[in-house]
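Biologist: I would like a close look at a single part of this protein, explained for someone in a first year of study. Could you take me through it step by step?

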Amino acid sequence: MAMEVATPAPAPLTAPERNIVLAAPSVKSTAESHKKNRIQVSNTKKPLFFYVNLAKRYMQQHNEVELSALGMAITTVVTISEILKNNGLAIEKKVLTSTVGMKDETKGRMVQKAKASIEIVLGKSDKFDSLVPPVTNGKTPEEVAKAETDAAIEAQEEAAAATEA
């Protein structure tokens with residue numbers, strides 16, 4: 001298991017008694033922050049198995065999934081990752097931990113504090129496709145096969161009609 005640990009360099013302190021910066025803010029491009037295979041996990045918004053099932057679906061579509069979380073939700077991300085790995089569905093590709101600078105305005109003034117963050121990238125295991133049935137949008141395998149056959153016949157008929165015309 002390879003682990004990468006990234007800790008941003010702290011910004012220079014201008015007035016240490018009033019302005020302590022624990023970590024430089026993470027700056028990401030808009031393309032990187034809106035990845036199609038990224039799941040940002042919260043430990044308060046959805047149940048654990050919502051994220052497990054969503055991660056399975058993302059792995060079906062993109063062959064890998066990136067789970068990310070801040071603070072207390074880190075344990076949820078680790079749990080999701082372990083469930084997928086222990087069931088033989090995923091392999092761990094990368095683990096990245098860092099500290100993110102946060103501002104707390106709840107006390108009426110700006111207070112600098114740090115929050116831990118984690119990103120875990122999981123890829124499909126060799127057994128994934130045999131363990132997880134393909135997404136059929138609520139149709140039975142027979143209905144999916146019939147729809148594929150009908151579409152193929154229709155495409156052949158259109159091609160024949162186009163060559164006759």
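**From a loop to the helices and the core**

Modeller: Let us begin with N63, which lies in the loop between α2 and β3; please keep in mind throughout that the model is predicted. The phi of N63 is near 70°, a positive value in a residue other than glycine. Most residues other than glycine have a negative phi. With a relative accessibility of 45%, N63 falls between the limits of 20% and 50%, and therefore counts as partly exposed.

To place this loop in the whole, the protein has five helices and five strands, and reading along the sequence gives the pattern β-α-β-α-β-α-β-β-α-α. Of its 165 residues, 28% count as buried.

On one side of the loop is α2, and this helix has α3 as a partner: the axes of α2 and α3 come within 10 Å and cross at roughly 55°. An angle of roughly 55° lies neither under 35 degrees nor in the range from 65 to 115, and the two helices are therefore oblique to each other. In this arrangement α2 passes α3 in a right-handed crossing. By class, the contact of α2 with α3 has nine nonpolar, two polar and one charged residues. The residues that meet are L48, F49, Y51, V52, A55, K56 and M59 from α2, and T76, T79, I80, I83 and L84 from α3.

One of these residues, T76, is found in helix α3, and because its relative accessibility is 14%, under the limit of 20%, T76 counts as buried. Setting aside neighbours within four places in sequence, T76 is in contact with V41, N43 and L48.

On the other side of the loop is β3, which leads us to the core. The largest nonpolar core has 24 residues, and those with the most contacts inside it are I39, L67, L84 and L122. At least two residues of this core come from each of α2 (48-62), β3 (64-70), α3 (74-86), β4 (90-104) and β5 (111-124). If we follow L67 and again leave aside neighbours within four places in sequence, L67 is in contact with I39, A55, V77, I80, S81, I118, E119, I120 and L122. A55 and I80 also appear among the residues through which α2 and α3 meet.

Looking finally at the whole protein, among contacts between residues at least 6 apart in sequence, 69% join residues at least 24 apart.

Terms used
Residues numbered from 1 in each chain as written. Predicted model: local features only at pLDDT ≥ 70, side-chain atom pairs only at ≥ 80, totals over all residues. Heavy atoms only, no water. Core = buried A, V, L, I, M, F, W, Y, C linked by side-chain atoms within 4.5 Å. Buried < 20%, exposed > 50% of the residue type's maximum accessible area, 1.4 Å probe, protein only. Helix = DSSP H or I, 4+ residues; strand = E, 2+ residues; numbered from the N terminus. Contact = heavy atoms within 4.5 Å. Axes fitted to C-alpha atoms, helices over the stretch in contact; angles between N-to-C directions. Parallel < 35°, antiparallel > 145°, perpendicular 65-115°, else oblique. Left-handed = near helix turned anticlockwise from the far one by under 90°. Nonpolar A, V, L, I, M, F, W, Y, C, P; charged D, E, K, R; others polar.
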